[in-house]
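Student: I would like a close look at a single part of this model, taken slowly and with the reasoning spelled out. Could you choose one helix and go through its packing against its neighbours?

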Amino acid sequence: IVGPVAAALPMEGPGKNLLHAIAHHRPDAPGYRLGIYPYIRNDLLTPEFQRAAAAAWRDEPAGGAPSPPPADLVSRLQAIDTAAYLPDDILGKVDRASMAHSLEVRAPLLDYPLVEFMARVPITFKIRGGATKYLLRQWGRSVLPESVFTKKKQGFAVPKSAWFQRELRGVARERLLDPRALARGIVRPDRVAAVLRAHESGARDYSDWIWCLLVLEEWHRTFLDPETRRV
């Protein structure tokens with residue numbers, strides 16, 4: 001029931017992504033493999049491209065990571081992060097960015113004895129009463145001020161959402177709606193335009209998808225297109 005309801009909602013309809021996730025979640029899956037606003041994929045990409053790339057979207061751990069043993073969902077997600085997301089994404093990017101500026105970055109909470117210990121800790125010591133990192137927070141309160149535990153999480157992401165509404169708005173439209181880009185047969189022109197309009201108006205934050213499409217288009221221009229290739 002939930003799947004058809006999610007599909008019937010307009011692309012920027014409230015709750016569409018949550019309903020899609022509920023409809024496609026499998027309790028026995030090693031982790032969520034839905035991606036960023038996954039329902040857009042069905043609307044945005046052409047049927048021909050989706051068929052050609054279907055093998056890359058199977059519900060398997062990313063990066064060839066082995067499936068973790070059956071456990072609670074949080075532990076399965078942590079296993080996926082440890083085997084794939086951390087080494088293949090976060091840590092690799094941090095290492096390249098820091099080394100480019102002669103900085104040494106350390107991740108003390110990823111010291112392997114600590115990781116092995118936390119892998120054996122019951123889930124009730126990881127999440128309790130809606131609070132994450134429960135064991136760490138309880139220990140930290142003995143040595144750190146309370147403001148540390150109430151501060152909102154702050155990452156290192158670039159402000160691409162604002163960029164695609166302002167400074168890079170024209171660049172995104174010029175690249176993604178260019179006839180050469182649309183002729184590749186990867187995306188549906190009307191859906192690309194709808195994604196850009198929804199993001200520019202503030203109806204939805206589609207900056208992740210816009211960023212991915214821009215990177216893909218720049219890759220084509222750099223490596224494949226005879227008139228612009230630089231490698």
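Tutor: In this predicted model, helix α10 packs against helix α13, which spans residues 207-224, at an angle of about 55 degrees and with the two axes 10 Å apart. Since angles of 65 to 115 degrees count as roughly perpendicular and those under 35 as roughly parallel, the arrangement of α10 relative to α13 is therefore classed as oblique. The handedness of the crossing can be stated as well, for α10 passes α13 in a left-handed sense.

On the α10 side, the residues that take part are Val171, Ala172, Glu174, Arg175 and Leu176, and they meet Ile210, Leu213, Leu214, Glu217, Glu218 and Arg221 in α13. Sorted by class, the residues of this contact comprise six nonpolar and five charged ones, with no polar residue.

The other partner to consider is helix α12, residues 189-201, against which α10, residues 169-176, packs at an angle of about 175 degrees, with the axes 11 Å apart. Because an angle over 145 degrees counts as roughly antiparallel, α10 is placed in that class with respect to α12. Here Arg169, Ala172, Arg173 and Leu176 of α10 are in contact with Val192, Ala193, Leu196, Arg197 and Glu200 of α12. The class count for this contact gives five nonpolar and four charged residues, and again no polar ones. Reading the two contact lists together, Ala172 and Leu176 appear on the α10 side of both, meeting residues of α12 as well as residues of α13.

To set this part in its context, the chain has 13 helices and two strands, and buried residues account for 26% of its 231 residues. Of the contacts between residues at least 6 apart in sequence, 57% join residues that are at least 24 apart. The chain exposes about 15,300 Å², of which carbon and sulfur atoms supply 62%.

Away from α10, two backbone details may also deserve attention. Ser102, in the loop between α5 (73-99) and α6 (112-120), has a phi near 55 degrees, a positive value in a residue other than glycine, and it counts as exposed because its relative accessibility is 70%. Lys133 lies in the loop between β2 (131-132) and α7 (134-140), and its phi is likewise positive, at about 50 degrees, although the residue is not a glycine. With a relative accessible area of 48%, Lys133 is partly exposed.

Definitions and conventions:
Residues numbered from 1 in each chain as written. Predicted model: local features only at pLDDT ≥ 70, side-chain atom pairs only at ≥ 80, totals over all residues. Heavy atoms only, no water. Axes fitted to C-alpha atoms, helices over the stretch in contact; angles between N-to-C directions. Helix = DSSP H or I, 4+ residues; strand = E, 2+ residues; numbered from the N terminus. Contact = heavy atoms within 4.5 Å. Nonpolar A, V, L, I, M, F, W, Y, C, P; charged D, E, K, R; others polar. Buried < 20%, exposed > 50% of the residue type's maximum accessible area, 1.4 Å probe, protein only. Areas by Shrake-Rupley, 256 points an atom, 1.4 Å probe, with all protein chains shown as cover. Left-handed = near helix turned anticlockwise from the far one by under 90°.
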